[in-house]
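Take a look at the structure below and turn it around a few times. Then let's walk through some of its helices and residues together.

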Amino acid sequence: MSVAGLRTAARETVSGLPRAFWWLWLSTLVNRLGGFVATFMALYLTLDRGYSASYAGLVAALHGLGGVISSLGAGVMTDRLGRRPTMLIAQLSMAVSVAVLGFMEHPVAIAAVAFLVGMASNASRPAVQAMMADIVPPKDRVRAFSLNYWAINLGFAVSSAGAGFIAEYSYLAGFLGEALMVLACAVVVFLKVPESRPAQAAPVKAVGGKRAEDEVRLVTVLRDGRFMGVVGLSFLVALIFQQGYVGLPVAMGADGLSSSDFGTAIAVNGVLIVALQIPVTRFIQHRDPRRLLIISSLLAGYGFGLTAFAGSVAVYALTVCVWTLAEIVNAPTQTGLVVQLSPARGRGRYQGMYTMSWSVAALVAPLMSGFVIDHYGAVWLWGACAVIGTVAGFGYWLLMRNLPREEVPGSEEPVIEPAPVPVQARPDQAEPDPATAVERAG
């Protein structure tokens with residue numbers, strides 16, 4: 001492609017999105033640029049503090065458990081308090097807890113604060129995703145979610161490289177640096193990101209002592225069979241992707257490869273996402289998400305399944321290429337589907353439930369990989385990934401085969417704008433509430 005063609009493609013990729021989206025995108029990038037704790041927690045505890053690997057695993061599990069708990073709580077806050085207040089509370093809590101963690105020395109104190117860090121780090125995700133759904137038109141949502149995912153991975157790639165040098169100098173500097181970056185993210189949100197919660201999403205008052213029927217509660221989400229099916233399938237796909245960070249390094253170590261070899265192989269994941277996320281999204285954004293989710297599930301499962309035949313860094317890197325392509329396709333498509341199935345007044349709760357599926361997968365994946373590798377060997381783990389990917393693909397086919405085309409991402413559904421209700425509208429001229437229409441459709 002020529003330089004002019006690349007410029008045209010880049011302009012089409014970023015054009016047409018609201019200004020508020022780009023401030024939200026910038027806050028995401030700043031937040032991820034400060035990533036340190038999640039990447040270097042195990043090394044910090046074992047090398048710098050001298051704790052055992054078992055204790056480091058316990059702290060990592062508590063960190064993940066905090067994320068599981070906060071997913072649902074933050075979803076409720078997103079709907080009740082608003083998107084912007086929830087993000088500010090989460091980011092300020094994250095900045096404080098990360099800074100405090102750097103000064104903790106007692107093992108119980110470290111574990112307790114790590115749990116709080118896990119809660120705070122995951123609390124802003126439902127609000128961010130709900131806000132993007134509020135401010136971005138349906139036809140552009142897959143593109144917007146893809147750009148946000150690209151920012152997450154770009155920030156992670158840069159922060160991982162920089163944090164490695166910082167860790168050689170001082171782990172405390174890494175903790176304080178992340179706290180400052182998260183604080184900068186909160187400043188961006190406070191100054192530039194407006195509240196986007198639709199007026200219809202405000203809490204509904206009870207009438208006559210009874211709860212209003214159209215109020216969305218967590219039990220409403222749990223009773224939404226089709227959406228909970230998406231959550232279950234999301235858990236299966238996330239369980240596969242997590243093996244890249246828990247099962248893959250163990251398997252490469254068993255093959256006699258070093259930690260630097262694993263770093264080389266897994267770096268392919270970040271490089272490909274940064275390089276391909278935007279062009280791949282241009283290719284898939286108007287295609288049938290049913291097929292995209294089925295194909296990405298199969299690619300993820302069999303991409304990890306191919307790891308059973310790997311024995312060198314080059315072959316391991318090749319398998320990473322396969323499941324990374326699945327990740328590039330799956331992430332924005334599935335997030336767009338979640339938005340389509342979520343009523344406007346309950347987007348926070350729906351996004352919280354969806355986020356929880358990934359948090360639970362992060363907890364289960366280490367247990368799964370450890371048990372299977374110890375008792376049966378790594379080959380069985382990769383075979384299980386292929387089976388899980390097949391099950392997930394079949395599940396998406398069953399779940400979405402009767403889904404009307406206009407409900408899937410890219411359809412021309414009415415945009416839910418947080419605009420005031422027209423004044424003095426006559427009852428016989430009242431238009432249907434778009435939020436209610438979307439809710440019935442979901």
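Val187 sits in helix 9, and keep in mind that this is a predicted model. Is Val187 buried, partly exposed or exposed? Its relative accessible area is 42%, and because partly exposed covers values between 20% and 50%, Val187 counts as partly exposed.

Val187 also has company. Together with Leu92, Leu180, Leu183, Phe190 and Leu191, Val187 makes a nonpolar surface patch of about 600 Å². Which helix gives this patch its largest share? That would be helix 9, residues 171-192, with five residues.

Now hop over to Asp134, which belongs to helix 7, residues 125-135. Asp134 has a relative accessible area of just 1%, and since buried means under 20%, Asp134 is buried. Here are the two residues side by side:

| Residue | Relative accessible area | Class |
|---|---|---|
| Val187 | 42% | partly exposed |
| Asp134 | 1% | buried |

What does the side chain of Asp134 make a polar contact with? Its partner is the side chain of Arg347, at 2.6 Å. As for Arg83, 51 residues separate it from Asp134 in sequence, and in space the two are 9.8 Å apart, C-alpha to C-alpha.

Last stop: helix 2, which runs over residues 19-33 and has 15 residues. From its first C-alpha to its last, helix 2 reaches 21 Å, close to the 21 Å expected at 1.5 Å a residue. Several of its residues are buried, including Phe21, Leu24, Trp25 and Val30. Ser27 and Thr28 are also among the buried residues of helix 2.

Note on methods. Residues are numbered from 1 along each chain as its sequence is written. This is a predicted model: local features need pLDDT of at least 70, side-chain atom pairs count only at pLDDT 80 or more; totals for chains, interfaces and linings use all residues. Side-chain values use heavy atoms; hydrogens and water are left out. Helices (H or I, at least four residues) and strands (E, at least two) are DSSP runs, numbered from the N terminus. The expected span of a helix is 1.5 Å times one less than its number of residues. Buried means under 20% relative accessible area, exposed over 50%, partly exposed in between (1.4 Å probe, protein chains only). Patches are made of residues with over 30% relative accessible area and no salt bridge: like charges are joined within 9 Å, nonpolar side chains (Val, Leu, Ile, Met, Phe, Trp, Tyr) within 5 Å. Accessible areas come from the Shrake-Rupley method with a 1.4 Å probe; for residues, only the protein chains shown count as cover. A salt bridge is a side-chain nitrogen of Lys or Arg within 4 Å of a carboxyl oxygen of Asp or Glu. A polar contact is a pair of N or O atoms within 3.5 Å; within protein, one must be able to donate a hydrogen and the other to accept it, and residues adjacent in sequence count only if both atoms are side-chain atoms.
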